Amino acid sequence: MSQEEKTTHEESNTQKKQHVKWLNQLISKLKGVVLSKQGDQVKLGKKKEKMLRQTPEILPFVQIHDDYILLKNGVMDIFQIQTKNIHALNDADLNYLLMNRTRFLRSYFRSYKEVILNFPANTEAQRTYWLKKRKQTTNPIRLEYIDQKLVEFDFLERDRSNREFFIFVYADDKQELADRKHDAKQGMQQAFPLKELTRSKKKQVLFLLNNQNTKL
């Protein structure tokens, strides 16, 4: 092998070694990027779990009682607003209703919130009535009519919902809450009377309020 060929061969080996070294460095960098991304994904997953654990800390509710709901800062209670069909009222009755509603909004300046929720249709009272009638009759035509009514109740409870209106009344303590509840009931009496709720109903209201994509 001539001197020139020997020099060319050595230069080729040197270039190959440099190329291999460059490839090794590139592979190391790529591995570092992949590990970094995997680490970020693990961190993101841990952060999401932490958010789920913080849910009780975000919600202000602590405990539900019959006549009030204990909050982290103060107390509150929930009333249901008894609505009226304003489309069936004449102009005089409608104006009277609106004036009483306006009077409440102007006079009750304390903290409150009005909430609208969709509840499943409840036909329990009607169902109880027709089941009682069914036991009292032997007429086949009457029985067929009652059975049809019961099927309609099943459909309503499965596929229909009622829009219900609620008002949240807030205060710093139980005594102050009692006074504000009295003022709210008096102020709404002539327009849209307030109805007291059971503890079970209050739980349902809070559940739907904080799980709006879930059905009861």
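**Helix packing and nonpolar cores in a predicted model**

Let me begin with helix α3 (residues 91–107) and helix α6 (residues 174–188), which pack at an angle of about 155° with their axes 9 Å apart. Axes here are lines fitted to C-alpha atoms over the stretch in contact, and angles run from 0 to 180 degrees between N-to-C directions. The two helices, α3 and α6, are therefore roughly antiparallel, a label for angles over 145 degrees. Asn 100, Arg 101 and Phe 104 of α3 meet Ala 184, Gly 187 and Met 188 of α6, where contact means heavy atoms within 4.5 Å.

This is a predicted model, in which local features need pLDDT of at least 70 and side-chain atom pairs count only at pLDDT 80 or more, while totals for chains, interfaces and linings use all residues. Residues are numbered from 1 along each chain as its sequence is written, and side-chain values use heavy atoms, with hydrogens and water left out.

I turn now to the interior. The largest nonpolar core has 16 residues, and those touching the most other members are Ile 81, Ile 167, Val 169, Leu 177, Met 188, Phe 192 and Leu 194. Such a core is a set of buried Ala, Val, Leu, Ile, Met, Phe, Trp, Tyr and Cys residues joined through side-chain atoms within 4.5 Å; buried means under 20% relative accessible area, with a 1.4 Å probe and protein chains only. At least two residues of this core come from each of β3 (75–81), α3, β5 (161–171) and α6; these helices (H or I, at least four residues) and strands (E, at least two) are DSSP runs, numbered from the N terminus. A second, separate core of 14 residues includes Leu 117, Phe 119, Phe 168 and Val 205.

Conventions: Parallel < 35°, antiparallel > 145°, perpendicular 65-115°, else oblique. Buried < 20%, exposed > 50% of the residue type's maximum accessible area, 1.4 Å probe, protein only.
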